[in-house]
Protein chains: 2
Amino acid sequence: MDFINPDHTSWPANILKVHAIGIDTYLENVIYLRADCEVCKSEGFKALTRVVVSFREVEIVATLNVVYSELIHHNEAGLSQIAMKRLNVQNGDLVRIDHLDPVNSLGLVRSKMYGNELAEEAYQQIIHDIVKGRYSNIEVAAFITACSANNLTIPEITGLTKAMIFSGKRLNWNKDMVPDKHCVGGLPGNRTTPIVVSILAAAGLTIPKTSSKAITSPAGTADVISTFTNANLTLEELQYVVQKENGCMAWGGGVHLSPADDLLITVEKALDVDSEGQMIASVLSKKVAAGATHVVIDIPVGKTAKVRSAEEAEVIRQKMEAVAAAINLKLKVVLTDGSQPVGRGIGPALEALDVLAVLRNEENAPEDLRERAVMLAAEMLEISGTVGQGQGKVRASEILLSGEAYQKFLRICKAQGGFREPVVGKFTFEVLSTVFGKVLEIDNRKLARIAKLAGAPKAKGAGMLFLSPLGREIQVGDVLFTLYAEAEGELEYAKEFLSNLNEVLVIG
Amino acid sequence: MDFINPDHTSWPANILKVHAIGIDTYLENVIYLRADCEVCKSEGFKALTRVVVSFREVEIVATLNVVYSELIHHNEAGLSQIAMKRLNVQNGDLVRIDHLDPVNSLGLVRSKMYGNELAEEAYQQIIHDIVKGRYSNIEVAAFITACSANNLTIPEITGLTKAMIFSGKRLNWNKDMVPDKHCVGGLPGNRTTPIVVSILAAAGLTIPKTSSKAITSPAGTADVISTFTNANLTLEELQYVVQKENGCMAWGGGVHLSPADDLLITVEKALDVDSEGQMIASVLSKKVAAGATHVVIDIPVGKTAKVRSAEEAEVIRQKMEAVAAAINLKLKVVLTDGSQPVGRGIGPALEALDVLAVLRNEENAPEDLRERAVMLAAEMLEISGTVGQGQGKVRASEILLSGEAYQKFLRICKAQGGFREPVVGKFTFEVLSTVFGKVLEIDNRKLARIAKLAGAPKAKGAGMLFLSPLGREIQVGDVLFTLYAEAEGELEYAKEFLSNLNEVLVIG
């Protein structure tokens with residue numbers, strides 16, 4: 001049913017002129033209609049009413065907000081920025097508004113709420129409707145909650161993974177073996193990707209690496225990459241770079257490989273829940289969509305990392321391996337130390353400097369970052385069969401120490417648009433110790449919080465240089481870490497947090 | 001932490017002038033800030049960012065929308081209508097914007113997601129934060145989903161019920177016995193409340209009845225009442241009416257007895273889920289908050305009613321009784337026939353006419369409505385000890401047939417602001433049968449849908465007169481039901497639905 005009444009011969013009431021209202025509602029499509037327009041009257045204005053808005057072949061679902069002022073004129077529909085972008089409309093274009101028919105797959109979500117196991121096809125329907133924008137945020141929240149904790153069986157996670165793969169594009173590299181890596185985040189400074197990509201591409205492997213931007217952390221790999229090269233590649237550009245240099249370092253969001261995941265993650269992060277099943281489906285579907293055949297997963301384990309115990313990591317490992325087997329993906333899970341930050345930098349540019357120091361074999365390059373990158377590259381060389389078992393580390397180190405990796409890194413940057421030196425924030429503040437003793441414990445989450453208050457990841461040069469690894473002997477007056485900011489105000493925000501310094505670092 | 005930087009001596013960046021933007025976002029508080037204002041820059045603009053907005057002693061949490069146009073001037077904050085109302089501000093007032101600290105009780109919601117049983121105190125914290133507006137809609141959705149299906153134990157439902165009672169006002173009538181009734185909805189036309197209230201108040205019982213408006217149905221009891229008197233009483237008015245006439249028929253939303261429930265129900269309805277535990281807590285907490293001591297619950301059971309089987313009803317009965325016992329509420333649950341609409345009217349004014357016909361003892365008054373009302377009044381006379389066991393029906397019938405109930409009804413209406421005759425819509429359409437046979441099945445939900453398309457409950461005179469009860473022998477050309485609308489366009493919408501008539505009524 002729609003609003004066009006076939007008996008009316010006048011201009012249809014559900015065709016309205018777009019008014020670019022200039023409101024950014026983040027990822028939520030909002031349509032602003034006058035209270036006295038036909039559509040408002042027909043739909044009624046209940047809780048969270050949603051309507052279908054279409055322009056040419058594109059169709060979105062938008063939440064209705066009713067306007068009682070003169071913001072919107074007669075026969076106009078205001079659209080939020082994301083709605084305009086998704087519809088690809090300009091001010092003055094004519095859009096059509098229709099009633100939203102009931103979304104059938106919500107019945108499946110309700111069934112999941114009741115604890116039932118859903119079939120693979122159910123996940124396909126749900127993900128299809130989510131990608132079409134037919135779910136409101138609260139409906140996505142209900143789906144995420146119903147699938148949270150350990151509510152999904154292995155066949156269900158497999159079904160969800162497949163549904164997410166089918167929901168978007170899938171790259172094909174015409175290779176028997178395409179390696180990829182992923183880190184189940186949560187550890188500041190753990191920026192191995194540019195080093196691993198450089199080593200493997202130099203070794204002749206095809207590694208079309210896509211990474212994410214930070215959502216709740218002070219830096220995502222894509223944020224770090226964008227401080228030294230262009231990470232925002234189109235699919236065509238990505239294919240060109242990989243063809244030319246075997247590898248790339250791109251922002252995954254630019255190539256829309258997993259549109260379902262982008263939507264789910266927004267709500268998951270807002271809820272601050274990490275559903276195990278959805279995390280596994282998210283990671284594995286992205287890898288498969290990017291064309292990967294062999295994947296190494298890094299799970300840092302530590303009290304203040306995302307995964308807090310070896311037991312928890314073991315459960316994830318087993319589930320990941322089972323799902324990977326079901327979708328014909330070769331997978332290796334590596335558990336790593338998650339008790340403290342990796343390297344010294346926290347924040348996009350500061351982490352990039354650590355990466356460059358390792359690639360350039362600088363004397364003061366952070367050893368822990370180098371070791372982790374070599375270890376992961378080694379695992380990938382081994383599972384891909386490029387070298388024999390136990391030969392990975394030697395080969396990866398060789399490529400790194402000889403400068404081959406750095407040369408490859410520079411060539412990839414060049415293909416992506418050129419290399420530039422990362423620039424750190426010009427406002428700095430050294431945090432000095434008022435006590436002496438040994439560094440006994442580090443709260444990774446609070447360090448991340450301080451770096452974010454200083455402006456990271458939005459301010460690319462902001463964050464901190466962390467100088468107090470576990471076990472360091474601290475004297476009164478020693479620099480524990482240095483804050484970096486791009487604006488004085490942001491430096492002040494970060495400084496305000498320092499009154500709780502003993503919750504960040506335990507020195508005793 | 002807030003945005004005021006103590007080092008700044010200039011005007012604080014987080015004090016902004018209210019701009020009434022005239023956008024109705026329903027129950028969601030939205031604040032519209034310029035992209036270049038300090039608060040936007042400090043908070044960053046991530047998914048679904050929320051900030052605290054305060055004015056004098058009132059504090060709300062609002063979702064941040066960023067404005068890139070000239071809708072909002074420098075040093076201004078646009079507020080959605082509900083946000084202005086809740087803050088009680090006018091255009092030009094100065095409000096203060098602060099960072100929203102993490103909401104601790106969300107950790108309890110996550111624990112519930114993981115299947116843990118929560119303590120009574122946990123529900124108090126969660127409900128407290130929900131009432132304070134600290135949960136976003138998606139967080140409320142997560143809470144509702146985590147508590148859905150049969151995820152709550154009896155002690156948990158009890159804890160939730162108590163938390164909801166404590167979250168708002170609680171009336172005290174200084175009586176040992178205050179009866180109340182509630183129907184677990186879903187049956188069109190089941191409008192016994194005005195009749196039951198009139199009988200019991202005439203019998204000398206104190207019955208301070210509050211009812212709800214329709215959310216997904218074509219009429220709530222409060223919608224029906226508002227067609228013949230003023231239902232929108234303040235707490236003081238309600239107390240005056242009850243003092244004067246023993247009973248009242250008021251809209252519950254006007255007296256804010258259960259602020260938590262109002263917020264939960266909005267999201268529940270949008271999700272179209274009925275969590276058993278939350279339904280029980282919602283119903284019982286409202287009764288206790290209204291001061292009731294003895295409650296009769298009507299559960300219509302039928303294939304297209306809310307409760308679909310006797311087994312399901314039995315489970316609800318047992319749980320309700322257990323929770324009622326735990327909070328010292330005397331409770332009687334009555335299962336009734338839910339296979340077809342009650343009376344003939346569906347829609348506010350049309351249902352009111354049925355109610356009046358029964359109260360006035362009109363010859364053609366719907367017998368089924370009369371019987372149900374008498375039965376419920378009888379149960380309440382009995383559980384309250386006003387009459388002996390088995391004497392209720394006789395006494396209730398007596399009060400109704402003698403006209404005492406109608407006189408009491410008119411006096412209550414007068415105390416509430418006066419009685420007026422309900423007015424039905426002037427656009428009508430008779431739906432004729434094209435087949436003959438017996439009415440074998442009725443889809444209550446589809447009848448409700450048609451009445452809503454005709455404009456109910458917003459258009460008070462809209463809906464239908466349903467003339468085809470189960471078992472009626474239908475001839476070709478007989479009127480099955482008559483549509484009523486207040487606008488021609490709405491009549492057309494309802495008529496469009498008639499092509500699926502065989503899904504609404506099975507005649508054979």
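# Worked exercises on a predicted model

Chain A of this predicted model has an average pLDDT of 91, and 96% of its residues score at least 70. Let's explore it step by step.

## Exercise 1: Reading confidence

**Task.** Find how pLDDT behaves over residues 1-9 of chain A, and decide how to treat that stretch.

**Solution.**
- Step 1. Over residues 1-9 of chain A, pLDDT stays under 50.
- Step 2. The model does have 23 contacts beyond four places in sequence for these residues.
- Step 3. Low pLDDT means that predicted coordinates should not be read in detail.

## Exercise 2: A helix in chain B

**Task.** Check the length of helix 4 of chain B, then work out where its buried residues lie.

**Solution.**
- Step 1. Helix 4 covers residues 120-131 of chain B, which makes 12 residues. At 1.5 Å a residue, the expected span is 16 Å, using one less than the number of residues.
- Step 2. The end C-alpha atoms of the helix are 17 Å apart, in agreement with that expectation.
- Step 3. The buried residues are Ala122(B), Tyr123(B), Ile126(B), Ile127(B), Asp129(B) and Ile130(B).
- Step 4. Viewed down the axis of helix 4 of chain B, these buried residues fall within an arc of 160°, so they line one face.
- Step 5. Here is the general idea: an α-helix has 3.6 residues a turn, so residues three or four places apart point the same way.
- Step 6. The cover over the buried residues of helix 4 includes helix 3, helix 5, helix 6 and helix 10 of chain B.
- Step 7. After helix 4 of chain B comes Gly133(B), with a positive phi near 80°.

## Exercise 3: Two residues of chain A

**Task.** Is Thr227(A) buried or exposed? And Asn444(A), buried or exposed? Describe the surroundings of each.

**Solution.**
- Step 1. Thr227(A) sits in the loop between helix 8 and helix 9 of chain A. Its relative accessible area is 8%; because buried means under 20%, Thr227(A) is buried.
- Step 2. A polar side-chain atom of Thr227(A) lies 2.7 Å from the backbone oxygen of Val224(A).
- Step 3. Beyond four places in sequence, the contacts of Thr227(A) include Pro348(A), Arg420(A) and Lys460(A).
- Step 4. Asn444(A) belongs to helix 17 of chain A. With a relative accessible area of 1%, Asn444(A) is buried.
- Step 5. The side chain of Asn444(A) reaches the backbone oxygen of Gly338(A) at 3.2 Å.
- Step 6. Among the residues that Asn444(A) touches beyond four places in sequence are Leu187(A), Thr304(A) and Gln340(A).

Technical notes. Residues are numbered from 1 along each chain as its sequence is written. Chains are lettered from A and ligands numbered from 1 in the order in which they are written. Side-chain values use heavy atoms; hydrogens and water are left out. Helices (H or I, at least four residues) and strands (E, at least two) are DSSP runs, numbered from the N terminus. Buried means under 20% relative accessible area, exposed over 50%, partly exposed in between (1.4 Å probe, protein chains only). The arc is that of the directions from the helix axis to the C-beta atoms. Contact means heavy atoms within 4.5 Å. A polar contact is a pair of N or O atoms within 3.5 Å; within protein, one must be able to donate a hydrogen and the other to accept it, and residues adjacent in sequence count only if both atoms are side-chain atoms. pLDDT is the predictor's confidence in each residue, from 0 to 100.
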